[in-house]
Amino acid sequence: YNSSQQVLIYPAPNIDFNANKYSGCLPLTVNFTDLSKDLEVVDPITGTIYKSKISSRQWTFGDGSIKTTDVDNTTYTYTKSGTRAVSLNVIYEGGCAAFKQSPQNYISIFPQPLSSFYMPAANTCQYPVTVQANNNSTNAVQYKWSVQGPPGSSISSDTDPSPIFSFQQSGIYKIKLIAISKDGCTHESSL
């Protein structure tokens, strides 16, 4: 009597993923995509295809957060600046599991600047009235000022950290400051 039994052995999983963005300003929302494929083996005699499908994915986002999902896409929002490694653990129906970790600086999250200023009271009632802005912004390397209101107002330089504003007539003026960080992140404040 001669007996044989077929043994099914799947190939080693090839785990891979990508992100729709790898850097940005806080808060940074990133969409991750699992590029891993289902495992399959073809019976050389019958041509039958045997598959072991992915049953779950466990994402680790590098800041202590973990998310388990059964779909290949997931979204995560980073709320603290720094660089992060991301890892993915894929589990297949048959119990096979595989893991991949990105480099440490896979995702870079840049801090926001803080735009802050005040305008001291003018010491005159005669026009033109000039006032120098006091800029208290932090984490900023560039500035963009604007003024809205009655005609005739001007700014000595709209990119100066603390420019001088000149007002030609009474009225209500809106002054806006956009602070820009070295990474291009922006924050706006207005009076």
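What is the volume of the largest pocket? In this predicted model, the largest pocket has a volume of about 160 Å³, and the close-up views below begin with its lining.

**View 1. Lining of the largest pocket.** The residues that line the largest pocket are Met119, Pro120, Ala122, Tyr127, Val129, Val131, Phe167, Gln169, Ser170, Gly171, Tyr173 and Ile175. When this lining is divided by residue class, 9 of its residues are nonpolar and 3 are polar, while no charged residue takes part. Tyr127, one of the lining residues, also supplies the first half of a cis peptide bond that is shown in View 4.

**View 2. The disulfide between Cys25 and Cys185.** A search of the whole structure finds 1 disulfide, formed by Cys25 and Cys185 with their sulfur atoms 2.0 Å apart. This pair links distant parts of the chain, since Cys25 belongs to strand 2 whereas Cys185 sits in the loop between strand 19 (174-180) and strand 20 (186-190), 160 residues apart. The torsion about the S-S bond of Cys25 and Cys185 is about -95°, so the disulfide is left-handed. Cys25 has a relative accessible area of 23% and is therefore partly exposed, whereas Cys185, with a relative accessible area of 0%, is buried. Another cysteine, Cys96, is partly exposed, with a relative accessible area of 31%.

**View 3. Surroundings of Ser115 and Asn135.** Ser115 lies in the loop that runs between strand 12 (107-110) and strand 13 (117-118), and because its relative accessibility is 4%, Ser115 counts as buried. The side chain of Ser115 reaches the backbone oxygen of Leu177 at a distance of 3.0 Å. With neighbours within four places in sequence left aside, the contacts of Ser115 are Ser137, Leu177, Ala179, His187, Glu188 and Ser189. Asn135, for its part, has its place in strand 15, and at 18% relative accessibility Asn135 counts as buried, because the cut-off for that class is under 20%. The side chain of Asn135 reaches the backbone oxygen of Pro161 at 2.7 Å. Not counting residues up to four places away in sequence, Asn135 touches Ser116, Phe117, Tyr143, Trp145, Pro161, Ser162 and Leu177. For Phe117, which is 18 residues from Asn135 along the chain, the separation of the two C-alpha atoms is 4.4 Å. Leu177 thus appears among the contacts of Ser115 and also among the residues that Asn135 touches.

**View 4. Two cis peptide bonds that lead into proline.** Leu26 and Pro27 are joined by a cis peptide bond with omega at about -20°, and Pro27 lies in the loop between strand 2 (23-25) and strand 3 (28-34). The peptide bond from Tyr127 to Pro128 is likewise cis, with omega near 5°, and Pro128 is found in the loop between strand 13 and strand 14 (129-132).

**View 5. Backbone of Asn139.** Asn139 is found in the loop between strand 15 (134-135) and strand 16 (142-148). The phi angle of Asn139 is near 60°, which is a positive value in a residue other than glycine. At 41% relative accessibility, Asn139 counts as partly exposed.

Terms used: Residues numbered from 1 in each chain as written. Predicted model: local features only at pLDDT ≥ 70, side-chain atom pairs only at ≥ 80, totals over all residues. Heavy atoms only, no water. Helix = DSSP H or I, 4+ residues; strand = E, 2+ residues; numbered from the N terminus. Buried < 20%, exposed > 50% of the residue type's maximum accessible area, 1.4 Å probe, protein only. Polar contact = N/O pair within 3.5 Å; in protein donor to acceptor, adjacent residues only side chain to side chain. Contact = heavy atoms within 4.5 Å. 1 Å grid on protein atoms, 1.4 Å probe; cavity = no way out; pocket = protein on both sides within 12 Å on 5 of 7 lines; lining within 4 Å. Points joined across faces, edges and corners; volume = space filled by probe spheres on them. Nonpolar A, V, L, I, M, F, W, Y, C, P; charged D, E, K, R; others polar. Disulfide = S-S within 2.5 Å.
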